[in-house]
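Here is a briefing on pockets, cavities, strand pairing and backbone outliers. Keep the viewer open while reading.

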Amino acid sequence: MRKILSLILLLALVGQASAQLQSPEQFLGYKIGTRYTPHWKIVSYFQHVAANAPKTVKLQQYGQTNEGRPLMVAFISSEENMNNLEAIRANNLRLANLSRDKAAPNENAAPIVWLSYNVHGNETSSSEAALMTVWALVDPANTKIKEWLKNTVVVMDPCINPDGRDRYVNWFNSVVGVKATPRMDTREHRDPWPGGRSNHYNFDLNRDWAWQTQVESQQRLKLYNQWMPQIHVDYHEQGINEPYYFAPAAEPYHEIITQWQRDFQTTIGKSHAKYFDANGWLYFTKLRFDLFYPSYGDTYPTYNGAIGMTYEQGGGPAGGATALTEEGDTLTLYDRAIHHFTTGMSTIEIASINASKLITEYRKFFNRAVSGGFGEYKTYIIKNNPKDADRLQALLQLLEKNGIEYGTATGNGKGYNYFTAKEESFSVANGDVVVSAFQPRSAMVQALLEPKSKLSDSATYDITAWSLPYAYGLQAFATKDRINPTAYQKPAAVVNTTGDVYAYVIKWEGLQSAKTTGQLLQKGITLRYSEVPFEVNGQKFDRGSVIVMKTSNQAFGADLWKHVVDAANANNVKLYPVTTGFVDNGGDFGSDLVTPFKMKRVVLLTGEGVSSLGAGEIWHFFDKQLEYPVSLVYANDFSRIDWAKTDVIIMPDGNYRFMSDKSSTDELKEWVSKGGKVIALESAVAAFARLDWGLKSKKAEGDNSKDPYQALASYENRERDFVSTMTPGSIYKVQLDNTHPLAFGYPEYYYTLKMDDNIYEFMNGNGWNVGVLKKENQLAGFVGSKLQNRLKDGLLFGAQNIGRGSVIYLTDDIMFRNFWENGKLMLCNAVFF
């Protein structure tokens, strides 16, 4: 009798446990797709699943967003696999030759499938699909999926961008009525500036995988690189009239992508097609979404040995909850979610079916990496010039974030000179950074460091050049010879001490110098900078060197030097004490060649008409890197700016309504003439060129061809013909006048990323041509044949004096996605000097 009662009690407990595990509809109180789920409810449901299925689900918070929302992943597999989860992770690193444990890996292992949802906040359907997917994986009635999980580990990140998602969802829920309307002219289909796509700082997280400038990327990639999955899926949405897109990807594929990776994309695509065909759903493959730029959610995993894929559902951001397509169909949020759910389940299924082959080919990828190295070049040498110390250390930090090994060496060799674009002899000195292609991350080494990436198709989805020595403004060589590096010894931290000095000098050599300067200015300390090189006490200082003196800082008394030393030590900046203002060469500290300067009050224009990404780059830079205050003002509130409290106005890329209003531009010009400064970037420069202030756009050269058939073009080749007139991101060498304050701290050249055909006439007598483009200065990337002759003999960076103020023209995006390290000092120059 007792045994029977015990059995009844056990069955009752099992039944109660099953009843506690709820579907999304039971838990949320509505069917997925009938309304938007806020992020906190997504988190709550995943917590519910983990709490009620602890043997097959593990939830891990890996970080939080700028606005404090949790970032998390769920690990889902069979009970046996979950009991050995850490062993599976450790074995996976051994498969990738990334483990310090040199024991032979188990090649009869479960592949890891990582599914990443909602990287763009207003492409919302994928997080709804994540709720459906996690339920399907734990549903006790779903026996087929239980079989898949016996040899597969699934990692789900239900929302990569919670801040962006909630920005969109909270807005949508505030404007929709009892019933959503499919009419596309209604407000619920137009999310306001800056939209929900980006994160808190208006960054596109899908372009940030390799660069890791954002806190979400930094925390996610740290976890990702501890697991290194065999398959990674990145979920997106596109226009509402687009069918579903899935693998195989479009050309160009980067040449380092293996044949196996190409072939398995087709295998997965055919699996998806089977389910879409059965449901009568439209889809397309092999178009638009290529595998080239290395910082996407499909390419970054691919260059790290995985099958990386983008899945694109028609819908966001204009889709709302229901939308009327051009064909007259109604596309609902449920439709979008079920499509993403289907490809997710199909991906897990095909991984389970091909588990053994996935592991075998993954192992081959990393064995090839360490034994033969990917790519033409086998060693990269980045020179350690003292003036480049800031940028070099920033590069090393990026390599470390991506798990790339580096060292140093000595000797001589021959290779590609990034500066001259020629094969030349070079020497390697101790302290130079040496990166070998013979390492587990060999594919990433080639993707990030190679001078020129080979394009199989010029119609690409993103930029075509990003080589890190150019992005960081560093002297480098690439050689086909193997150089085995030894351990790299980083320089010891700078320790400054206070003393009885006449002044301290800070060399203007990088971002850390600017950061220190900004912190001193915020304390109210008056500084000076030298417009010319000078020499004192046997020490040479270049233009832009910042001088701190007791003069004008008497209010700080004996604490002055403590403030200076503390700021310099905090930023690892060396202070140079001097005992006299009488210099051996250059301008004495009291001469008019040394200029005092104080705190600059900076306004950044944002809002409607302004590129949210362009404004976000600058906002994030000031807030997180320079740590200098910046006031964000809506461009449409131009007339309300408090001019008396503004020293600098930054105009990011955008279309400014007030620039077409004469009274507004007259007001701006009057403020500048009284000492104000405008820093205009990208298309904002074009707005000034349309005024009569002196800047003029360089006209395109006429076509002298007499061929009457030149106007004839094939409709089929319309995209190719368009590409001939554009540059989707190429690198040029710009000649700098580094005697001008805008170029202080730079050599006589600058590497710029050219995204358009904007170039301006040289300024004659009314301004300074600080950065100019001469002939044949393209270094890397694709430039259309019809554009090449235009991009020469013109102005890219300039400064125009107007009364006591100035306008700074920065035609290119010197802050591009905040990974273009070489441009950050130029923005600091524009603000401070």
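Two strands count as paired if DSSP finds at least two bridges between them. By that rule, β25 (residues 602–606) pairs with β27 (residues 648–651), in the parallel sense and over three bridges. The model is predicted. The points below cover open pockets, enclosed cavities, two strands with their partners, one buried isoleucine and some backbone geometry.

**Largest pocket**

- The volume of the largest pocket is about 1200 Å³.
- Its lining has 45 residues, and D390, Q393, A394, Q397 and Q512 are the closest to the centre.
- Four elements give two or more residues to this lining: α9, α14, α17 (511–522) and α19.
- The top contributor is α14, with eight residues.
- By class, the lining of the largest pocket splits into 18 nonpolar, 17 polar and ten charged residues.

**Second largest pocket**

- The second largest pocket has a volume of about 600 Å³.
- There are 28 lining residues, and those closest to the centre are K677, R804, G805, S806 and F833.
- At least two lining residues come from each of β24 (594–597), β33 (794–802), β34 (805–810) and α23.
- The lining of the second largest pocket holds 13 nonpolar, ten polar and five charged residues.

**Cavities**

- Rolling a probe the size of a water molecule over the atoms shows where empty space is left.
- How many cavities of 30 Å³ or more does the structure hold? There are six.
- The largest cavity has a volume of about 60 Å³.
- Its lining consists of D390, R391, G510, L511, E821, K824 and L825.
- Both α14 (389–401) and α23 (824–832) supply at least two of these lining residues.
- Four residues of the lining are charged, two are nonpolar and one is polar.
- D390 appears twice in this briefing: it lines the largest cavity, and it is among the residues closest to the centre of the largest pocket.

**Strand β25 and its partners**

- Five of the five residues of β25 are buried.
- V602, L604 and T606 point one way from the strand, while V603 and L605 point the other way.
- In the pairing with β27, V603 stands opposite I649.
- β25 also pairs with β26 (residues 631–634), in the parallel sense and over four bridges.
- Which residue of β26 is the bridge partner of T606? The partner is Y634.
- Together, β25, α19 and β26 form a right-handed β-α-β unit.

**I618 in helix α19**

- I618 sits in α19 (residues 612–626).
- Its relative accessibility is 2%, under the 20% cut-off, so I618 counts as buried.
- Beyond neighbours within four places in sequence, I618 is in contact with L604, I650, P652, L681 and L827.
- One of these contacts, L604, is a buried residue of β25.
- Another, I650, is 32 residues away from I618 in sequence, with a C-alpha to C-alpha separation of 8.8 Å.

**Strand β18 and its partners**

- Both faces of β18 (residues 503–506) are covered.
- A503 and V505 are buried on one side, and Y504 and I506 are buried on the other.
- β18 pairs with β23 (residues 575–578) in the antiparallel sense, over four bridges.
- β18 also pairs with β22 (residues 546–549), in the antiparallel sense and over four bridges.
- Y504 takes part in both pairings: it stands opposite P577 in β23, and its bridge partner in β22 is V548.

**Backbone geometry**

- Most residues other than glycine have a negative phi, and most peptide bonds are trans.
- W193 and P194 are joined by a cis peptide bond, with omega about 0 degrees.
- P194 lies in the loop between α8 (162–175) and α9 (215–227).
- G316 and P317 are also joined by a cis peptide bond, with omega about 0 degrees.
- P317 is in the loop between β10 (307–314) and β11 (322–324).
- A421 is not a glycine, yet has a positive phi of about 60 degrees.
- A421 belongs to the loop between β14 (411–417) and β15 (422–428).
- The relative accessibility of A421 is 31%, so this residue counts as partly exposed.
- E682 also has a positive phi, near 50 degrees.
- The loop that holds E682 runs between β28 (677–681) and α21 (683–689).
- Is E682 buried or exposed? With a relative accessible area of 12%, E682 is buried.

Note on methods. Residues are numbered from 1 along each chain as its sequence is written. This is a predicted model: local features need pLDDT of at least 70, side-chain atom pairs count only at pLDDT 80 or more; totals for chains, interfaces and linings use all residues. Side-chain values use heavy atoms; hydrogens and water are left out. On a 1 Å grid over the protein atoms alone, a cavity is a set of points where a 1.4 Å probe fits but cannot get out, and a pocket is an open set with protein on both sides within 12 Å along at least five of seven lines; lining residues have an atom within 4 Å of a point. Grid points are joined across faces, edges and corners, and a volume is the space filled by probe spheres set on the points. Ala, Val, Leu, Ile, Met, Phe, Trp, Tyr, Cys and Pro count as nonpolar, Asp, Glu, Lys and Arg as charged, and the others, Gly among them, as polar. Buried means under 20% relative accessible area, exposed over 50%, partly exposed in between (1.4 Å probe, protein chains only). Contact means heavy atoms within 4.5 Å. A crossover is right-handed if, with the strands pointing away from the viewer, the path from the first strand over the helix to the second runs clockwise.
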